[in-house]
Amino acid sequence: QEDFYFDVRVFHPRTVVPLHRIDGTYRSVASTIPSALQNVFIFPILLSFNKWEMIPFALELLMLFSLTILTFFYPKKESDVVNNIFFALFITSMLCFLFLGLTVPISGLIVKYASPVMPFLFLFIAGSIQIDEIKSKWPFKMVRSR
């Protein structure tokens with residue numbers, strides 16, 4: 001965390017997000033977790049209004065949030081081995097996001113370092129949605145081409 005704060009002091013990036021200092025105790029880490037998740041999942045959306053380079057990442061997060069909402073309304077009911085693997089990937093990616101949010105106070109770097117992990121989060125969420133139920137309730141007719 002100190003190395004990234006040194007980068008903030010030297011380079012003065014425009015995408016600095018507020019981050020509480022971690023002093024090495026479990027209490028400081030636990031109290032910083034909500035702001036860390038906010039830095040990873042909310043601030044790229046808010047910073048996209050000020051910095052146009054952040055717009056694709058904001059759209060990616062909005063797509064992730066919309067898929068998460070679909071998961072709550074149309075969850076898959078069966079559990080299989082593939083879902084267990086996706087869940088393991090989900091837990092691993094969330095730990096990576098948490099680590100990034102705890103240590104990196106620059107939103108541009110958070111987006112950069114989170115990009116390799118983001119597909120695993122999308123895989124878990126997309127694999128948890130009941131697609132057939134959504135298709136049956138879709139108001140428009142799906143046309144198949146031959």
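# A tour of the cavity, the pocket and the surface

By class, the residues that line the largest cavity comprise 8 nonpolar, 1 polar and 1 charged. The model on display is predicted, and the tour starts at this cavity.

**Stop 1: the largest cavity.** Select Val 40, Pro 44, Phe 57, Glu 60, Leu 61, Ile 110, Val 111, Ala 114, Ser 115 and Met 118, which line the largest cavity. The space inside amounts to about 90 Å³. The count of cavities of 30 Å³ or more comes to 1. Next, colour helices α4 and α6 (107-114), since each of them supplies at least two residues of this lining.

**Stop 2: Glu 60.** Keep the cavity selection and centre the view on Glu 60, one of the lining residues. Glu 60 is placed in helix α4. Is Glu 60 buried, partly exposed or exposed? Its relative accessibility is 28%, and therefore it counts as partly exposed; the buried class would require a value under 20%. Now add Pro 44, another member of the cavity lining. A C-alpha to C-alpha distance between Glu 60 and Pro 44 should read 9.8 Å, for a separation of 16 residues in sequence.

**Stop 3: the largest pocket.** Clear the selection and choose Phe 41, Leu 64, Phe 65, Thr 68, Thr 71, Phe 72, Phe 90, Phe 124, Ile 125 and Ser 128, the lining of the largest pocket. About 190 Å³ of space lies within this pocket. Which helices each supply at least two residues of the lining? They are α4 (55-73) and α7 (118-127). Helix α4 gives the largest share, with 5 residues. In terms of class, the pocket lining holds 7 nonpolar and 3 polar residues, and no charged ones. Helix α4 is thus a useful element to keep coloured, as it contributes at least two residues to the cavity lining and at least two to the pocket lining.

**Stop 4: a nonpolar surface patch.** Switch to a surface representation and select Trp 52, Ile 55, Leu 59 and Leu 62. These residues form a nonpolar patch on the surface, and their accessible area together is about 450 Å². Within the patch, focus on Leu 62, which lies in helix α4. Leu 62 has 43% relative accessibility and so counts as partly exposed, the exposed class being reserved for values over 50%.

**Stop 5: Glu 53.** Move to Glu 53, in the loop between α3 (43-47) and α4. Because its relative accessibility is 36%, Glu 53 counts as partly exposed. Then add Pro 13, which is 40 residues from Glu 53 along the chain; the two C-alpha atoms are separated by 13 Å.

**Stop 6: Ser 28.** Finish in helix α2 (residues 26-41), where Ser 28 is placed. Is this serine, Ser 28, buried or exposed? At 9% relative accessibility, Ser 28 counts as buried, since that class covers values under 20%. As a last distance, select Ser 28 together with Asn 39: they are 11 residues apart in sequence and 16 Å apart from C-alpha to C-alpha.

Terms used. Residues numbered from 1 in each chain as written. Predicted model: local features only at pLDDT ≥ 70, side-chain atom pairs only at ≥ 80, totals over all residues. Heavy atoms only, no water. 1 Å grid on protein atoms, 1.4 Å probe; cavity = no way out; pocket = protein on both sides within 12 Å on 5 of 7 lines; lining within 4 Å. Points joined across faces, edges and corners; volume = space filled by probe spheres on them. Helix = DSSP H or I, 4+ residues; strand = E, 2+ residues; numbered from the N terminus. Nonpolar A, V, L, I, M, F, W, Y, C, P; charged D, E, K, R; others polar. Patch = residues over 30% accessible without salt bridge, like charges linked within 9 Å, V, L, I, M, F, W, Y side chains within 5 Å. Areas by Shrake-Rupley, 256 points an atom, 1.4 Å probe, with all protein chains shown as cover. Salt bridge = Lys/Arg side-chain N within 4 Å of Asp/Glu carboxyl O. Buried < 20%, exposed > 50% of the residue type's maximum accessible area, 1.4 Å probe, protein only.
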